[in-house]
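Open the model in your viewer and color it by chain. This tour goes stop by stop, with something to select at each one.

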Amino acid sequence: MSVLVYTENWDGKFKKLSFELISYGKELSKKLNTELVALSIGNVAESELQKLALYGADRIINVNKSELSFFDAQLYNSVLAKVTESVGAKLILFAHNNTGKALSPRLSVSLKAGLATAVIAQPDLTNGFIIRKKVFTSKAFANIKINSDIKILSLLQNSFGLLEDPKNAVIESFDTDMDFSDQKCKLMDVNKVSGKLILTDADIVVSGGRGMKGPENWGPIEELASLLGAATACSRPVADEHWRPHEEHVGQTGKVLSPSLYIACGISGAIQHLGGISNSKYIVAINKDPEAPIFEAADYGIVGDLSKVLPDLITAVKEFKA
Amino acid sequence: MKILVCINNVPDTTTKIKFVDNKAFDSAGVQWIINPWDELTLTRAIEMKETQPADIESVTVINVGRADAEASIRKALAIGADNGIRINSDTSDSYSVAFQLSEYIAKEKYDIIFCGIESSDYNGGSVGGMLAEFLAIPSVSSVSMFEIKDGKVVVKREIDGGNETLSVQTPFVLIGQKGIAIEPKIPSMRGIMTARTKQLTVVEGVACNQLIEFVDFDLPKAKAACRKIDAENVKELIDLLHNEAKVI
Amino acid sequence: MDFNFTEEQLMIQQAAKDFAERELLVDVIERDDNAVQSASHIKKLAELGFLGMMTDPKYDGGGMDTVSYVLAMEEISKVDASISVLMSVCNSLVNWGLENFANEFQKEKYLKPLARGEKIGAFLLSEPEAGSDATSQRTTAEDKGDYYLFNGTKNWITNAHLASTYLVIAQTYPDKKHKGINAFIVDKDTPGITLGPHENKMGMRASDTHSVMFNDVKVPKENRIGEDGFGFTFAMKTLDGGRIGIASQALGIASGAFERALKYSRERKAFGTEIFNHQSVAFKLSDMAVKIENARNLCLKAAWLKDQHLPYGTASAMAKQYCADIAMEVTTEAVQIHGGYGYVKEYHVERLMREAKLTQIYEGTSEVQKIIISRSLLK
């Protein structure tokens, strides 16, 4: 029996969320008194793989096959099912991101394993296996009991944090012994955002709404974001008006984020927008309207004119960084 | 090609969420709608049928739910779906829903099965992937573009930090998200009228083992009031973010 | 008695609400300021079938009942009455008049494109000297044997510029008074028709309102609607139904203002609490809610009678008068609840208040409605 963590790399480097997932898994494997196995699929250098041990991986399984260079949920799932069986995993952990959302449901069916997605905390093991998650787009919480022998969780990013727990892990190469000749999906084109922080990955997000008045006023948002090492985002009306690209739209029908800090500039805080940001640890709202609903959701607020507050804030951050 | 669109019936997104004794969602006075992500993918399927009728033979909608979900099915018919199916069942966990769907679909033949990426009620986000695995066919999730070019299916999917364009062999499950259509289609009077004569078939659900159960629900505790900082003193914000929140 | 709406009626209500909130709301303040309508809105309205929603499907309409029409009118009027008045004229006056009184040839030629929304209609009754008094028409349609010759001026004509099909009420036999009046279908591009400038109005500023001048305009004889001298009856019967449209427009203006005021009262704080918690505000909202409920019931009752083919002239007059009057009251209170914010354009309620005023005036003033209602009391 073991806890298996599915890790993800980006051009050979692990994402921060993979380390968070290992930290979460380690805590759980200690409670269950079992070992933690990390699985990496892709071309990752040994030195990078070793980083997984830093957060507590007891074993590291490496699947490096050129046929798997492209993410095909059906094939990846077959690999996962084999690895699960081989290490006797009873608990499999994913990040609740695009890849985790694509893989975990398939694995749930393959293994007849109960799945809880968008999990925000460690399970309660006192009376079975009860997991807590947000439902109704963060307007409520549910406690879900998983009754199956094998269990799968997908963890919402930034809900646990990083905990170092260095281990001496062995890197094991795993031979899938599978036929990859019949690929039903073919990759035609990749468009990776380069040099820019990935919005759903970002720890800090600076976001603008209609209160910014127009796309020409986005300079200070971008400057503040770059100073803080943050990604930029926007509200739905802003994307609809093509002031900003649709990839930046945050909200119920856009991207759902869980950063440590979300700074909302000129966003009134419609319920649909709040649905996309309510997993943030801290929310800062800057708005000229003191009655804007965003202040109900915010931890810190500034009522004021953005054309003045933003430059002041930029100056203050510069001083702070200096 | 024959398209099947799975739609879920969910409370309107502006509904104030309440529970009966913290055990079940309180549906009193709730207005029900088609799950927004399902509605977007449905819109795209219908747009395709309207603009490329040679490629799309039919668009069918399917729901696993109780009779009160039929208003949503009929709305889908009014928007332009050709016929509707309701699998009579009141299960709400993704695994059972996907199983019910797969049992029905295994007997029929559809080329592409559309699902929304997530439901706005229980936010499982897993029916599409589970369904594909039950049917042992490919799935592409986080799809933000769907086209048929020279009879071949081309989709764009969002990855964390970009997107990929793929060609996919049918049959497969397409799990759509924001971007697949601009906004949900509003039914026209003509559409509402023609929906009267479209077929809505009800089939009985099948038993399924539940792997998970909802133990109870609760509402978020009232949030501490927002701490206001004087616009003349933004330095204080930096100080709080650094020393109190410890996020910068 | 059944107060439930059908699934279809609710779907139509939601469709109208989605259209209004997604498409119309965005620039409604600018359109009102600049007194312009957006061609794309009218195109979308047509595509959704809102311009011919009650016309029989055999004439390419949507075949919906009057109750659905009331629900749709209310939702669209909550956001933009300049659009809903266009919709009301097309549905309740032009299309309904043609469907019920025109011959098959006329329906084929004129009603079908109107019901599909490809063409827009206008209803030309009001004159500089004859507003709601349809008996004293000064525009003449002289019988010249092969054709009718039109001379005169029509005022306050909604859709005058946008429309391609006019329904014109004119006097053929002045000595016969109202029994000499006829109704005609007139193509707008007939030589001799000229338009006055866009009226610079207090409210519904975007609505396309002009005066229309007829100077020796020749209209084919086949374009007369019904028997010779049928025009006055045509106008009265058509206006009976038109009142349901304007009543539901007024209802929508009132409920739109009410919804905004209610929302505002729960967000805005004064003296340490949301202003809704002050009884003076809560009671205002309570009064507004009762008035709106009454108004909606009157509209739906008139619509229901019409759908049952029962007499609805008095009911529609009651609905029109009451809805218009309470729209004025409710919008005024909505501005009051908003305080200073209500007096600026951003919050919409001042616009709704200006729009409400027109509903007390056009398609028969509140006073004219009272004449109709009081006369019915003696029957």
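How many residue pairs are in polar contact between chain A and chain C (both at pLDDT 80 or more)? Keep that question in mind while you select these two chains. Remember, too, that this is a predicted model.

**Stop 1: chain A and chain C**

Show the residues where chain A and chain C touch. Chain A brings 4 residues to the contact, and chain C brings 5 residues. The buried area here is about 370 Å², with 33% of it from carbon and sulfur atoms. Now the answer: the count of residue pairs in polar contact is 0 (both at pLDDT 80 or more). On the side of chain A that touches chain C, 4 residues are charged, none is polar and none is nonpolar. Salt bridges across this interface also number 0.

**Stop 2: chain A and chain B**

Hide chain C and bring up chain B. Here 87 residues of chain A and 77 residues of chain B take part in the contact. Together the two chains bury about 7000 Å², and carbon and sulfur atoms account for 57% of that. Between chain A and chain B, 38 residue pairs are in polar contact (both at pLDDT 80 or more).

Next, select residues 98-111 of chain A. This is helix H4, which gives the most to the side of chain A that touches chain B: 9 residues. Color that side of chain A by residue class. You will find 41 nonpolar, 26 polar and 20 charged residues.

**Stop 3: paired strands and a salt bridge**

Which strand of chain B pairs with strand S9 of chain A? Select residues 140-146 of chain A and residues 212-218 of chain B. The partner is strand S14 of chain B, and the two run antiparallel over 6 bridges.

Zoom in on Asp218(B). Opposite Asp218(B) stands Phe141(A). Now show side chains. Asp218(B) also forms a salt bridge with Arg132(A), at 2.8 Å from N to O. The interface of chain A and chain B has 5 salt bridges.

**Stop 4: a helix in chain C**

Bring chain C back and select residues 349-359, helix H10. Why is this helix largely enclosed by the rest of the structure? Because 8 of its 11 residues are buried. Among them are Val349(C), Leu352(C) and Ala356(C). Charged names appear in the buried set too: Glu350(C), Arg351(C), Arg354(C) and Glu355(C). Thr359(C) is another buried residue.

To see the cover, add helices of chain C around H10(C). Those covering its buried residues include H2 (28-34), H4 (66-79), H5 (81-101), H7 (231-267) and H9 (313-338).

Note on methods
Residues numbered from 1 in each chain as written. Chains lettered and ligands numbered in written order. Predicted model: local features only at pLDDT ≥ 70, side-chain atom pairs only at ≥ 80, totals over all residues. Heavy atoms only, no water. Contact = heavy atoms within 4.5 Å. Buried area = accessible area lost by both parts, 1.4 Å probe. Salt bridge = Lys/Arg side-chain N within 4 Å of Asp/Glu carboxyl O. Polar contact = N/O pair within 3.5 Å; in protein donor to acceptor, adjacent residues only side chain to side chain. Helix = DSSP H or I, 4+ residues; strand = E, 2+ residues; numbered from the N terminus. Pairing = 2+ DSSP bridges. Buried < 20%, exposed > 50% of the residue type's maximum accessible area, 1.4 Å probe, protein only.
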